[in-house]
Amino acid sequence: MRNLKVISALMDYPEAELLEGRQELIAELRDDAFLAAEQKEALIEFVDQLCTSDLLDAQEEYVALFDRGRSNSLLLFEHVHGESRDRGQAMVDLMSVYEKQGFVIDQRELPDYIPLFLEFLSLRPEQEVRQWLMDVSHILALLEARLQQRESQYAVLFEALLSLVGVEVERAELKEKVASEERDDTPEALDKVWEEEMVRFTEGSAQDGAAGCGDSLLNQRRQELNAPDIAKPVHLAPMSEQPSHKPTQRVTGS
């Protein structure tokens, strides 16, 4: 499913090479056999807008959307485990899946980074891809709703992913839920988070935060993968380890 490779590239931090590849991206989308016609056109419109914009402006918009605050984080387990230690174990388990399938990460990204996750899925069989995407559909739907609230065209990327698995989203309910959320990307909210992180650091407990789930913890816990009591990923598991799903799943704001 090469469309996932395209969506992965479009969802990643924009670089000059991406903007210069406009025609190749459009050609890939037009030749795609999985996306509906209206979905293709929405993605092509996004490609046109992104690839004809100023690079610095595109990068600034990207950082404002995805790197300020946690609500639009592109790290899957940020939305599943938050600040808990379970997040580190989940990343180790996902990394184990990558390694067993021969997928090598050659960049400094955490394994649950959605563009990286999509790149992995682009190499997997169609049925398995749909199963994995179904498993994270609640996260994709929430991100789509939050981006729509901010009137960002990046929302079409998540809409496309949901359409690939036939997920029926209760968008009115999600819109209401998102509207009631407090923004976490304002200067005041960011200052509050920084102050809380400083308190945890000075108390010697910073390892309990998300930062403790980075490279050092990942490398440490990868050595434990052969232990018999290591759990499989709870929210992300290979298709053979997941229960079967119906073709259509309803995602709500609950």
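Student: Why does Tyr62 count as buried?

Tutor: Its relative accessibility is 3%. Buried means under 20% relative accessible area, exposed over 50%, and partly exposed in between (1.4 Å probe, protein chains only). Tyr62 at 3% is under the first cut-off, so it is buried.

Student: Good to know. What kind of model are we reading?

Tutor: This is a predicted model, in which local features need pLDDT of at least 70 and side-chain atom pairs count only at pLDDT 80 or more, while totals for chains, interfaces and linings use all residues. Residues are numbered from 1 along each chain as its sequence is written, and side-chain values use heavy atoms, with hydrogens and water left out.

Student: How many aromatic pairs does the whole structure hold?

Tutor: The search finds 10. One of them joins Tyr13 and Tyr62.

Student: What makes the pair of Tyr13 and Tyr62 edge-to-face?

Tutor: Rings of Phe, Tyr and Trp (its six-membered ring) pair if their centres lie within 6.5 Å; planes under 30 degrees apart are stacked, over 60 edge-to-face, and the rest tilted. Here the centres are 5.6 Å apart and the planes make 85°. The distance meets the limit and the angle is over 60, so the name fits. The two residues are 49 apart in the chain: Tyr13 is in the loop between α1 and α2 (16-20), and Tyr62 in helix α5 (residues 55-66). Helices here are DSSP runs (H or I, at least four residues), numbered from the N terminus.

Student: How do you know that Tyr13 is partly exposed?

Tutor: Its relative accessible area is 33%, which lies between the two cut-offs, so Tyr13 is partly exposed. Tyr62 also pairs with Tyr154, edge-to-face again, at 6.0 Å centre to centre and 70° between the planes. Tyr154 sits in the loop between α10 and α11, so this pair ties helix α5 to a part 92 residues away in sequence. Tyr154 has 1% relative accessibility and therefore counts as buried. Tyr13, Tyr62 and Tyr154 belong with Phe46 and Phe66 to one aromatic cluster.

Student: Why is α8 called roughly antiparallel to α9?

Tutor: The two helices pack at an angle of about 155°, with axes 10 Å apart. Angles under 35 degrees count as roughly parallel, over 145 as roughly antiparallel, 65 to 115 as roughly perpendicular and the rest as oblique. The angle of about 155° is over 145, so α8 is roughly antiparallel to α9. On the α8 side, Phe117, Leu118, Phe120 and Leu121 make the contact (heavy atoms within 4.5 Å), and Val129, Trp132 and Leu133 do so on α9. These residues divide into 7 nonpolar, no polar and no charged.

Student: What makes α9 and α10 oblique to each other?

Tutor: Their angle is about 60°, with axes 4 Å apart. That value falls in none of the other three ranges, so they are oblique. Leu133, Met134 and Asp135 in α9 meet Ser137, His138 and Leu140 in α10. By class, this contact has 3 nonpolar, 2 polar and 1 charged residues.

Student: How do you know that α9 is largely enclosed by the rest of the structure?

Tutor: Of its 10 residues, 7 are buried, so the description holds. The buried residues are Glu128, Val129, Gln131, Trp132, Leu133, Met134 and Asp135. They pack against α1 (2-11), α7 (86-100), α8, α10 (137-149) and α11 (155-164).

Student: What makes Arg124 a partner in polar contacts with Gln101 and Glu128?

Tutor: A polar contact is a pair of N or O atoms within 3.5 Å; within protein, one must be able to donate a hydrogen and the other to accept it, and residues adjacent in sequence count only if both atoms are side-chain atoms. The side chain of Arg124 reaches that of Gln101 at 3.0 Å and that of Glu128 at 3.1 Å. Arg124 lies in the loop between α8 (114-121) and α9 (126-135). Its relative accessible area of 18% is under 20%, so Arg124 is buried.

Student: And why is Glu151 called exposed?

Tutor: Its relative accessible area is 75%, over the 50% cut-off, so Glu151 is exposed. It lies in the loop between α10 and α11, and it has a positive phi of about 55° although it is not a glycine.

Terms used:
Axes are lines fitted to C-alpha atoms, for helices over the stretch in contact, and angles run from 0 to 180 degrees between N-to-C directions. Ala, Val, Leu, Ile, Met, Phe, Trp, Tyr, Cys and Pro count as nonpolar, Asp, Glu, Lys and Arg as charged, and the others, Gly among them, as polar.
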